[in-house]
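Here is a walk through one protein model, taken a few elements at a time. Keep the sequence and the structure side by side as you read.

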Amino acid sequence: MTLDESIKLFSNDRFATQQTGVRIVEVAKQYARCEMTITDCLRNAMGSVMGGALFTLADLAFAAAANHDGLNWVSANSTINYLSPVSDGTLTAHAKCLKQGRRSCLYSIEIRDSHEKLIAIVSTYGTNISHPNP
């Protein structure tokens, strides 16, 4: 799937792309890079980016990376570790495949700020819905 095809496909994910402004900027086999510009609507009561916004960025990066080859991968479980607060600039998520089989996969997603500071790490276990478990 090309970058344009991936952008078109995931434009249907209205929450991530339209409400939070996540943009897919690079896709390759088992890899994706997404960005999100921090706006006021993404802030929590303390002024930092809401954890749910960070998770949304990571979730779309996983989806773009895992589905680059046209398979039907969905997240079955994710764990996010928030490492540093962030309140301005652009966030970038890099999703990389650690292991992929026929029925399951494991991705690591790093979220960094505009200065390359590590903000959060997400581990996502995915399942292939076109290969149901017996």
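**Loops and strands**

E116 sits in the loop that links β5 (104–112) and β6 (118–128). The model is a predicted one, and in it E116 has a positive phi of about 70° although it is not a glycine. Is E116 buried or exposed? Its relative accessibility is 53%, and the cut-off for exposed is over 50%, so E116 counts as exposed.

A second residue with a positive phi is Q30, which is not a glycine either; its phi is near 60°. Q30 belongs to the loop between β1 and β2. These two strands form a hairpin with 2 residues between them. Q30 has a relative accessible area of 25%. Buried would require under 20% and exposed over 50%, so Q30 is classed as partly exposed.

From this loop, move on to the strands on either side. Strand β1 covers residues 23–28, and 5 bridges join it to β2. The two strands run antiparallel. One place to see the pairing is V27, which stands opposite A32 in β2.

Strand β2 covers residues 31–37. How many of its residues are buried? The count is 5 of 7, so the strand is mostly covered, where buried means under 20% relative accessible area.

β2 also pairs with strand β4, which covers residues 90–100. This pairing is antiparallel as well and runs over 7 bridges. Here A32 can be used again as a marker, for it stands opposite A95 in β4. A32 thus has V27 opposite it in the pairing with β1, and A95 opposite it in the pairing with β4.

The last stop is another loop, the one between α3 (51–66) and β3 (73–82), where N67 is found. Is N67 buried or exposed? Its relative accessible area is 9%, and the cut-off for buried is under 20%, so N67 is buried.

What surrounds N67? Leaving aside residues up to four places away in sequence, N67 touches M1, F10, N72 and W73. With W73 there is also a polar contact to look for: the side chain of N67 reaches the backbone nitrogen of W73 at 2.8 Å.

To review the three loop residues, compare their accessibility in turn. N67 is buried, Q30 is partly exposed, and E116 is exposed.

Definitions and conventions
Residues are numbered from 1 along each chain as its sequence is written. This is a predicted model: local features need pLDDT of at least 70, side-chain atom pairs count only at pLDDT 80 or more; totals for chains, interfaces and linings use all residues. Side-chain values use heavy atoms; hydrogens and water are left out. Buried means under 20% relative accessible area, exposed over 50%, partly exposed in between (1.4 Å probe, protein chains only). Helices (H or I, at least four residues) and strands (E, at least two) are DSSP runs, numbered from the N terminus. Two strands pair if DSSP finds at least two bridges between them. A polar contact is a pair of N or O atoms within 3.5 Å; within protein, one must be able to donate a hydrogen and the other to accept it, and residues adjacent in sequence count only if both atoms are side-chain atoms. Contact means heavy atoms within 4.5 Å.
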